[in-house]
Amino acid sequence: MFLAVDNLGKSFSDQDDESFEVFSEIDLNIEENQFVSLLGPSGCGKSTLLSMVAGLESISKGSIKLEGEEIKKAGPDRGMVFQSPSLFPWLNVKENVLFPLKGHWSKQEASERADRFLKMVHLSRFKNHYTHELSGGMQQRVAIARALAMDPKVLLMDEPFGALDEQTRHILHEELMKIWQETQKTILFVTHSIQEAIKLSDRVVVMGTRPGRIIADFTIDLPRPRKREDEEVIALERKVMDLLEGEINKVLKEELSHEVSY
Amino acid sequence: MKLAIKRIAFLVVVLGIWQLIYSIGIFENIVFPSPSKVANALYTGFADGDFVKALGASFRHLFMGLFLAILFGTTIGVLLGKSRQADETAGMYLIALQSIPSIVWVPLAIMLFGFSEFAVVFVVVLGGTFVMALNVRIAIHSVPPQLIRAARTMGTNGIPLFFRIEVPSSIPYFMTGIRLAWAFSWRALMAGELLSNGPGLGYSLRYAQDYARMDQVIAIIIIIGVIGAVVDQLVFSKLEKNVMRRWGLLKT
Ligand SMILES: Nc1ncnc2c1ncn2[C@@H]1O[C@H](COP(=O)(O)OP(=O)(O)OP(=O)(O)O)[C@@H](O)[C@H]1O
Ligand SMILES: [Mg+2]
């Protein structure tokens, strides 16, 4: 298996050293070139799972293997795009994309790569701009170019379009689809939007909460580009929605009963 | 342009009031010289080279002291910023030290090093180091964790992470530190020189006082004020603003 998450568990310990378990026994196998979305109620551990794959969070239990090799720390074989673009403000757009290439590629190769990926996200014209001179959507495109430029095996995206308006998001969806088909990357994509997940992915993995776990795993064979009006899309949306509503209601009820008992 | 006119007009009014008080004769002439007398003292001070020599000495002390203050301050600041242990142990004392007015160090410096120029430099160093250290510490702490996480996913760790992310990311606060270190050092310099055996602007000030030359006293105060303001406005504030703008921390 390309990316294998095996019996994964994560606990955080708070100040009083009491441990809080976000999830346990997560099993997830992802094939190469697959586009997998992760859906789930807030707090179920999607970002935590993604950070663990990235190597930014320690693994409490189980293992994550990429091409058979166990993940222990962060590395350039896994690129990550965060909800906030996280660009380096002291560097211009091109220098940001060059950042991960320093030391791995020759100067000329690096420069050509940076140009190529900036072109891919349609930002060639802005390569000498500073990042704060760009709109949110443009910044996120730079972040995508930067993550792709270092040629990762997996691209991890944590609600990358969450802070953008509908229009921009729509444009970036199409760009991402093109990039994905062009680069043949494996993508693990966290989102809150059911429509976004269904529109983009080969597979939608639905997580539940308390404890965090995987409650459903849909494979989507529909041809792209997918239309929102499509019957099969609507049916799938319905199914996922029902699943999620159940989970969210569970959380709400639990929180409400807490409020009452206090 | 209009602003410049307003500012000049304000100055003229102040000078007018000054002249008026002088003309009415509320104070004795010896303690309250006329504007023209002070202007004359300024002119002769520069013409016969006394002020130039004093300024040269002052700037020598200042640059040596400020250079060392920035060096020591940065070292201490990075240490406290990077090591939680060090910060928990010594951070509190740094704030205490920073709050000590630099003139307080003068007796200590004189007892340690006598009435030497080195004593003056010592006071300047103490004046600037702590505020520099405090700002560098804040600078390191203010590096957005999100940027560090992003850099780590690009395989940047350890020492490269420090030089490629933490250092550039802290530069705006670092610049604030340098501006404040300059301001504190400048004040410390005058305190130190006032009680020294010269040469230096502060020493010239006391010398003028000893000979009851109020015109020179005021002339030197004006020089000190003008240099303080000009260096701050033309050098450090400008530098800081440029850096802030470049880092996107300032809306233009
Ligand atoms: N550093 C941390 N220390 C302690 N608890 C944490 C930490 N990071 C996350 N958690 C907890 O882990 C749980 C999962 O958080 P996570 O951010 O992964 O959720 P999420 O599914 O991404 O939610 P959202 O959809 O709102 O982004 C939350 O209950 C959160 O409080
Ligand atoms: Mg999240």
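## A walk from Lys127(A) to chain B

Select Lys127(A) to start: this lysine is partly exposed, with a relative accessible area of 28%. Bear in mind as you click around that you are looking at a predicted model.

**Stop 1: the partner of Lys127(A)**

Keep Lys127(A) on screen and add Asp115(A), which is also partly exposed, at 26% relative accessible area. The two side chains form a salt bridge, and their closest N and O atoms are 3.5 Å apart. Colour by secondary structure and you'll find Asp115(A) in helix α3 of chain A, residues 107-120, while Lys127(A) sits in the loop between α3 and α4 (136-149), so this bridge ties together parts of the chain that are 12 residues apart in sequence.

Now bring in Lys94(A) as well. Together with Asp115(A) and Lys127(A), Lys94(A) belongs to a network of linked salt bridges.

**Stop 2: a bridge with a buried lysine**

Stay in chain A and select Lys10(A) and Glu57(A). They form a salt bridge too, with 3.6 Å between the closest N and O atoms. Because Lys10(A) lies in strand β1 (residues 3-13) and Glu57(A) in the loop between α1 (46-54) and β4 (61-66), the pair ties together parts of chain A that are 47 residues apart in sequence.

Switch on the surface here. Is Lys10(A) buried or exposed? Its relative accessibility is 2%, and since the cut-off for buried is under 20%, Lys10(A) counts as buried. Glu57(A), on the other end of the bridge, has 25% relative accessibility and counts as partly exposed.

**Stop 3: a negative patch**

Next, select Asp6(A), Glu21(A), Glu25(A) and Asp27(A) and show them on the surface. These four make up a negative surface patch. Which element gives the patch its largest share? That would be strand β2 of chain A, residues 19-30, which supplies 3 residues.

Pick Glu25(A) if you want one residue to zoom in on. Glu25(A) is part of strand β2 and is exposed, with 57% relative accessible area.

**Stop 4: chain B as a whole**

Hide chain A for a moment and show chain B as a cartoon. How many helices and strands does chain B have? Count them off and you should get 10 helices and 0 strands. Tracing from the N terminus, you meet one α element after another, α-α-α-α-α-α-α-α-α-α.

Rotate chain B to get a feel for its extent: along the principal axes, the C-alpha trace spans about 75 × 50 × 30 Å. Chain B has 252 residues, and 41% of them count as buried. If you look at contacts with a separation of 6 or more, 69% of those in chain B involve residues 24 or more positions apart.

With the surface on, the accessible area of chain B is about 13900 Å², and carbon and sulfur atoms account for 71% of that. Colour by charge next: there are 21 positive and 12 negative side chains in chain B, and the centres of these two sets are 15 Å apart.

**Stop 5: a bridge between two helices**

Zoom in on Arg60(B) and Glu117(B). Their side chains meet in a salt bridge, 2.7 Å from N to O. Follow the backbone from each: Arg60(B) is in helix α3 (residues 50-82) and Glu117(B) in helix α6 (residues 117-141), so the bridge ties together parts of chain B that are 57 residues apart in sequence. Both ends are partly exposed: Arg60(B) at 40% relative accessible area and Glu117(B) at 29%.

If you fancy hunting for others, the whole structure holds 17 salt bridges over all chains.

**Stop 6: a buried glycine**

Go to Gly91(B) in helix α4, residues 84-98. Gly91(B) is buried, with only 3% relative accessible area. Which residues does Gly91(B) contact beyond four places along the sequence? Show Leu80(B) and Ala86(B), and you have the answer.

For a sense of scale, draw a distance from Gly91(B) to Val231(B): these residues are 140 apart in sequence and 30 Å apart in space, C-alpha to C-alpha.

**Last stop: helix α10**

Finish at Ile222(B), which you'll find in helix α10, residues 214-246 of chain B. This isoleucine is partly exposed, with a relative accessible area of 35%. Draw one more C-alpha to C-alpha line, from Ile222(B) to Ala183(B), and it should read 16 Å, for two residues 39 apart in sequence.

How values were computed: Residues are numbered from 1 along each chain as its sequence is written. Chains are lettered from A and ligands numbered from 1 in the order in which they are written. This is a predicted model: local features need pLDDT of at least 70, side-chain atom pairs count only at pLDDT 80 or more; totals for chains, interfaces and linings use all residues. Side-chain values use heavy atoms; hydrogens and water are left out. Patches are made of residues with over 30% relative accessible area and no salt bridge: like charges are joined within 9 Å, nonpolar side chains (Val, Leu, Ile, Met, Phe, Trp, Tyr) within 5 Å. Accessible areas come from the Shrake-Rupley method with a 1.4 Å probe; for residues, only the protein chains shown count as cover. Lys and Arg count as positive and Asp and Glu as negative; His and the chain ends are not counted. The place of a charge is taken as NZ of Lys, CZ of Arg, CG of Asp or CD of Glu. Helices (H or I, at least four residues) and strands (E, at least two) are DSSP runs, numbered from the N terminus. Buried means under 20% relative accessible area, exposed over 50%, partly exposed in between (1.4 Å probe, protein chains only). Contact means heavy atoms within 4.5 Å.
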